[in-house]
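This report describes the strand arrangement, the ligand surroundings and the backbone geometry of one protein model. Please consult the sequence and the structure shown below while reading.

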Amino acid sequence: MAVINENYLLIKSNYIFAEIDQRVEKYQNDNPDADIIRMGIGDVTRPLPQAVIEKFTEAVKEMGEAETFQGYGPYRGYDFLIDEIIKNDFNPLGIELSNEEIFVSDGAKCDTGNIQEIFDVTSTVAVTDPVYPVYVESNVMAGRIGPMGDDGRYDKLVYLPCTEENGFVPEIPKIPVDLIYLCYPNNPTGTVLTKEQLAKWVEYARENNSIILFDAAYEAYIQEDDIPRSIYEIEGAREVAIEFRSFSKNAGFTGTRCAYTVVPQELMGYDSEGNPHSINNLWYRRQTSKFNGVSYPIQVAASAVYSPKGQEEIRESVDYYMKNASIIRKSLKDFGLSIYGGVNSPYIWIKTPEGMDSWQFFDFLLNEAHIVGTPGVGFGPSGEGYLRLTAFNTLENTKKAMDRISKLSL
Ligand code: MLT
């Protein structure tokens, strides 16, 4: 008899975005004429940059010639990509990294979900609440934080509420926590932390031997000064933080899949006797056993993001989505809703109108305006009473959606 990992029974039966898909599909079947505008999942709509396509195509052709064919690549990723990553994403911020500290992968979702495997099952975990569900669910699957109590909270998880009341700034825990997931610019609230605020987390982690798992997938959307683009801008972060980056949201790789994770050499975890072990070595060991890397053409395509033309094109895309974000912000404000985010992030976090919870507002927008959002409660208990819209749709659809909302009456 194949006995299952019962921790899987402790997670919600559906991943939030799969649940939304099912509901929208049902609605579309029942209302075939409804012109539905999807502003739920954070999936991009603009095509890959031309600079990327050109190199991607060339690399695919290379795979068809004996002289240039590539088989398994290096476990950490090709140096031609890693060199560009370090030179463009970190050196301008005054951050030096060695090539061995970068691990190219097929997504920040996979890496943020998998990283917990190298830590003990008894490690304590803190997440901001609301939060990207992957961090929580991967820890439940591992048996670290289940089961969920009647109040919809996992008993063993440390929740760091981010709400209107605290300006969406998580409070530093009063107790030591081993692993802390921070995502900034934040998904789902679209808010950011200043350098000073992030520095407090680094200080906490250093004092408590904690590790910060810093998801910077939305870094390209930062518009304001004094917002850290990398946690390594904070002094001392190399000893306490892993950073996750992605080509999905800046360069449109959601369907192409390429990302990378930074694991500094100084970062240590401890065995049960208190002896230090290199997290970089453990992650390398994990990846070599379980992952064969990202395909050669995709790594070539990702490296083209750093060409002058690639950089110009991704700036245009980010500007395009940020224009959508400002249209959404203005329209919803004019409509009388309280909104957050959308300034350094493609996500707009909306307080639901009086008397409506997250799912009721989701249904209201779907039924009355044929707009799909993401109910805030799907991101955790403190997301109740909010709904997230993304700026990743087309300008045309974004304007159409806002026009529809302006005609609604609450
Ligand atoms: C989201 O909508 O939160 C993201 O698209 C999910 C993801 O990036 O996996």
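## The four-stranded sheet

In this predicted model, an open sheet is built from four strands in the order β11-β12-β15-β14, with antiparallel pairing. The edge positions are taken by β11 (339–341) and β14 (374–375); each has a single partner strand, so one side of each is left without a neighbour in the sheet.

Five bridges connect β12 (residues 347–351) with β15 (residues 386–390) in the antiparallel sense. One of the residue pairs involved is K351 with its bridge partner Y386 in β15. Helix α11 (residues 358–369) lies across β14 and β15, and runs at about 45° to β15.

## The seven-stranded sheet

A further open sheet comprises seven strands in the order β2-β8-β7-β6-β5-β3-β4, and its pairing is mixed. Here β2 (102–105) and β4 (157–161) stand at the edges; because each has a single partner strand, one side of each lacks a neighbour in the sheet. On average, neighbouring strands of this sheet are turned by 20° against each other, direction ignored.

Strands β7 (residues 241–246) and β8 (residues 259–262) run antiparallel and are joined by four bridges. Within this pairing, R245 stands opposite Y260 in β8. Helix α3 (residues 79–90) packs on the sheet, where α3 touches β2, β7 and β8; the direction of α3 makes about 115° with that of β2.

## Ligand surroundings

The ligand is surrounded by I41, G42, D43, K109, Y132 and N187. Classified by type, this shell holds two nonpolar, two polar and two charged residues. Both domain 1 (6–47 + 309–406) and domain 2 (68–307) contribute at least three residues each to the shell.

## Backbone geometry

Most residues other than glycine have a negative phi, and most peptide bonds are trans. Several sites in the model depart from this pattern, as follows. The peptide bond from D129 to P130 is cis, with omega near 5°; P130 is located in the loop between β3 (125–129) and α5 (133–141). A cis bond also links G146 to P147, with omega near -10°, and P147 belongs to the loop between α5 and β4.

N209, although not a glycine, has a positive phi of about 55°. This residue lies in the loop between α6 (195–208) and β6 (211–215). N209 is partly exposed, with 15 other C-beta atoms within 10 Å. R257 is likewise not a glycine and has a positive phi of about 75°; R257 occupies the loop between α7 (248–251) and β8. With 18 other C-beta atoms within 10 Å, R257 is partly exposed.

Terms used:
Residues numbered from 1 in each chain as written. Predicted model: local features only at pLDDT ≥ 70, side-chain atom pairs only at ≥ 80, totals over all residues. Near = placed C-beta within 6 Å. Nonpolar A, V, L, I, M, F, W, Y, C, P; charged D, E, K, R; others polar. Domains from an automatic or database assignment. Pairing = 2+ DSSP bridges. Helix = DSSP H or I, 4+ residues; strand = E, 2+ residues; numbered from the N terminus. Contact = placed C-beta atoms within 7 Å. Axes fitted to C-alpha atoms, helices over the stretch in contact; angles between N-to-C directions. Buried ≥ 20, exposed ≤ 12 C-beta atoms within 10 Å, placed from the backbone.
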